[in-house]
Amino acid sequence: MSKFKLISTIKELPIEEGFSPGHGLCAGCTIPTIIRMVTKIAKGNIIVVSPTGCLEVSTSVYPTTAWKIPWIHVAFENAAAVASGVKSAFSVLKRKGMIVDDPFVVVIGGDGGTADIGIQAMSGMFERQDKVTYICYDNEAYMNTGIQRSGATPYGAWTTTTPFGVKSIGKAVLKKDLFSIAIAHKVKYAATVSIGYVNDMLKKLSKALINTPSFIHYLQPCPTGWRFDPALSVKIGKLAVQTGLWPLLEYENGKVKVTVSLTKRLPVTEYLKHQGRFKHLFKKYPQIIEELQSHADELAEEYGFSPLVSTPI
Amino acid sequence: MKVIQKNRLALSGNEAVAYAVKQAKVDVTAVYPITPSTAVSEKISEYVAKGELDGELLLVESEHSALSACIGAAAVGARVFTVTCSQGLLLMHEILYIASALRVPVVMAVANRSISAPLNIWCDHSDAMDQRDTNWIMIFVLSVQEVYDRMIQAFRIAEDFRVRLPIMVNYDGFTLSHTYSPVDVLSDEEVSPFLPRREPPFKLDPKNPITLGAVGNPDYYMEAKVQASKALTDSLLVIDEVDKEFEKKFGRSYGIYRKFMMEDAEIAIVGMGSAMGTAKEAVRRLRKEGKKVGALILNIYRPFAYEMLAKELKDLKALGVMERALSPGGVSSPLMSDLLSTLYLNSINIPTMNFIAGLGGRDITIDDFRKMFSELELLEKGKSKRPYLTYVGLRSEEREMVL
Ligand SMILES: Cc1ncc(C[n+]2csc(CCOP(=O)(O)OP(=O)(O)O)c2C)c(N)n1
Ligand SMILES: [Mg+2]
């Protein structure tokens, strides 16, 4: 572990890939990006555990696999528990001199597998302070089963189980705050990351690997579920940050700090307007957009972001 | 734990399990408490705290996570253990299938207990029967000595390359989990060579990456499932082999099943678990009265030794199956269904009766077994008025279905 180096730019990443092309994830899917980064930072000395979900079903269809590093999937609600088992096995076998490696153990799982059905196992793992890094790729719905709402689906969003209609605005309640939930467990490190801010993400992933247990909350724009042009994934990741809806944060040594501060903050409509899942808000429910704006304003106040600017950057 | 003499200890079933786990030098134990199995985890915690067991103890937040953690650890090549029963075992159910399909050698002890509702902490075999089709090896035992011996054997069987399947050692809640008996234990020096550490055939290893837990579409799913199922069927040979080696080295063995006064028996009762000890006593007494009765105690429920059993049962004039589980709305209790298929496939046409007894810890007495044998005697003569499925010790208005 002494050779481990914090990475803060793409150029420092090794060429070797831990994840190969040819998987079945959608065009514009932003899951592979974070996997490639974390496996590169770990220099392949890593075990990845995934719960059931898009990532799992799209990368491991026998007899093919996209994984060039050891990978295990057991079920939907238990990735954290499996990871605890994996880590403890490496610790004890190393202690007994039966193996030499003690690789990074990293969970990479969806928001459903993290915020909902898997939250109990994750909570247990954090509470035990098991030396695992938990990365939640948050596409804000159960995408694998066809875009159903999850506890991480944002307020007002359309999903197949929160359709809009005369009696429905889309999802009627706010998204769960996973970052705070992780911090409440006194994890060693936690951060929010975005595909739009790659260097910020690299730094945070490096820290998360060596300060365990740790939690990375990755907003993962999903063209299929959010209904946008697959060419826009990175842009949407940026807009989420620039509108103040997805603050880039870091929790370290017991303190939360902002890692990318906003000097020019955009109105939330700039983020919402590209996505079909919010289309009904513009047509039928302008008051919900206002509520989302107030929510962003509150976050801006909390994190000291600038007042709104009206034009896109 | 009281030392009676060298290598003879006074142990409860739970303590016997924990002692075997310690001697097997289990690397990772992941547990969640549930009565009547809890004392196993307490004892193991004590061993770890005192430095008597060098292993990781994962005190997880649920049984679901306990088995999940065991799978993760076993996938790295660690020797793993968990213990549970009843609601805990049911909570694990989903993961039991995955453990066997991933071919990881998890060893689990189950202090058999009924299933809610009504909530009931006492023994029956409903919890184990709910796991019948999960592709696990399922052992049932009759005594505290046996639970200790089978626990030691379990690691050897599960880790055998010809098997590579999880294994469940069932020991009756309270009757065995909490009852103290003198147990002849092996020395650590005897256990170590009996349970050699071997490099697993596959494992999670950064130097040699594998993908474990892949998607199996219609092109491959069936082969994967049938291979695992076949491995379970074939494991009978290894179970027997290990038991025989155990006998050669340590002087005790149990077999796939054991027969009690079956040689010339005309009427017999088949069953599993500690109640069969009571059956033996009933047989002993009835024999003194000149009745040609016997008992067959099934030790290995899965894989089911149907060929062997057919040979044992074919000459009987009447057969009863005593079971501590129900299959509501079905033809018969689980073990009975297996035996009925066995008889039919071997064209053995003998009168049979299914006795449901001891649900939720209701007593099964010597007298109950006497009644079962008398009913079988009537059945043999074509004089039984009771339905094929009969309940022992039940309070019911429908008198004819009760013994
Ligand atoms: C116990 C259980 N319940 C439900 C499912 C069905 N299921 C599989 S994946 C999934 C949704 C996954 O959502 P998420 O974790 O957000 O990952 P994503 O598919 O969005 O990547 C569901 C509901 C399951 N496999 N297991
Ligand atoms: Mg999702």
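Okay, Arg302 of chain B: it lies over the face of Tyr301(B), 4.4 Å from the ring centre. There's another arginine doing this in chain B, and that one is Arg198(B), which lies over the face of Phe161(B) at 4.2 Å from the ring centre. Before I go on, please keep in mind that what we're looking at is a predicted model.

Staying with rings for a bit. How many aromatic pairs does the structure hold over all chains? The count is 16. I'll pick out two of them. One is Trp67(A) with Trp71(A): the ring centres are 5.4 Å apart and the planes sit at 15°, so we call that pair stacked. Trp67(A) has 5% relative accessibility, so it counts as buried, and Trp71(A), at 0%, counts as buried too. Then there's Trp122(B) with Phe174(B), where the centres are 4.5 Å apart but the planes are at 40°, so that pair is tilted.

I like the tilted pair for where its partners come from. Trp122(B) is in the loop between strand S6 (107–112) and helix H5 (126–129) of chain B, and Phe174(B) is in the loop between strand S8 (167–172) and strand S9 (181–184) of chain B, so the pair ties together parts 52 residues apart in sequence. Buried or partly exposed, then, for Trp122(B)? It's at 43% relative accessibility, so partly exposed. Phe174(B) comes in at 17%, and with buried meaning under 20%, that makes Phe174(B) buried. And back in chain A, the two tryptophans have company: Phe19(A), Trp67(A) and Trp71(A) form one aromatic cluster.

Right, on to the metal. Which protein atoms are the donors of the magnesium ion, ligand 2? They are OD of Asp111(A), OD1 of Asn139(A) and the O of Ala141(A), and they lie 1.9 to 2.1 Å from the ion. If you want to find them along the chain, the spacing reads D-x27-N-x1-A. Asn139(A) and Ala141(A) are both buried.

Now, some of those names come back when we look at ligand 1. It has 18 residues surrounding it, and the closest are Asp111(A), Gly112(A), Gly113(A), Tyr137(A) and Asn144(A). Asp111(A) has a side-chain N or O atom 2.9 Å from an oxygen of ligand 1. Asn139(A) does something along those lines, with a side-chain N or O atom 3.0 Å from a ligand 1 oxygen. Gly112(A) uses its backbone instead: an N or O atom there is 2.8 Å from an oxygen of ligand 1. And why do I call this a shared site? Because the residues that surround ligand 1 come from chains A and B.

Let's turn to a couple of helices. In chain B, take helix H1, residues 13–23. Buried residues make up 11 of its 11, so the helix is largely enclosed by the rest of the structure. Among those buried residues are some polar ones by name, including Asn14(B), Glu15(B), Lys22(B) and Gln23(B). After H1(B) you get Lys25(B), with a positive phi near 50°.

In chain A, look at helix H5, residues 119–127. Its buried residues are Ala121(A), Met122(A), Gly124(A), Met125(A) and Phe126(A). What covers them? From chain A, the cover includes helix H3 (79–95), helix H4 (111–116), strand S4 (133–138), helix H6 (178–184) and strand S8 (214–219), and chain B adds helix H3 (63–76). Just past H5(A), Gln129(A) has a positive phi of about 60°.

Last stop, two single residues in chain A. Asp200(A) is in helix H7, residues 198–210. With 11% relative accessibility, it counts as buried. Setting aside neighbours within four places in sequence, Asp200(A) is in contact with Thr192(A), Leu248(A), Thr259(A) and Val260(A).

Lys238(A) belongs to helix H9, residues 233–242. Its relative accessibility is 35%, so Lys238(A) counts as partly exposed. Not counting residues up to four places away in sequence, Lys238(A) touches Ser194(A), Gly196(A) and Tyr197(A). And if you measure C-alpha to C-alpha, Lys238(A) and Leu308(A) are 16 Å apart in space, with their positions 70 residues apart in sequence.

Terms used:
Residues are numbered from 1 along each chain as its sequence is written. Chains are lettered from A and ligands numbered from 1 in the order in which they are written. This is a predicted model: local features need pLDDT of at least 70, side-chain atom pairs count only at pLDDT 80 or more; totals for chains, interfaces and linings use all residues. Side-chain values use heavy atoms; hydrogens and water are left out. Helices (H or I, at least four residues) and strands (E, at least two) are DSSP runs, numbered from the N terminus. Buried means under 20% relative accessible area, exposed over 50%, partly exposed in between (1.4 Å probe, protein chains only). Contact means heavy atoms within 4.5 Å. Rings of Phe, Tyr and Trp (its six-membered ring) pair if their centres lie within 6.5 Å; planes under 30 degrees apart count as stacked, over 60 as edge-to-face and the rest as tilted. A charge sits over a ring if NZ of Lys or CZ of Arg is within 6 Å of the ring centre and within 35 degrees of the ring normal. Donors are N, O and S atoms within 2.8 Å of the metal (3.2 Å for Na, K and Ca); water is not among the atoms, so sites may look incomplete. A residue is near a molecule or strand if one of its heavy atoms lies within 4 Å of it. A polar contact is a pair of N or O atoms within 3.5 Å; within protein, one must be able to donate a hydrogen and the other to accept it, and residues adjacent in sequence count only if both atoms are side-chain atoms.
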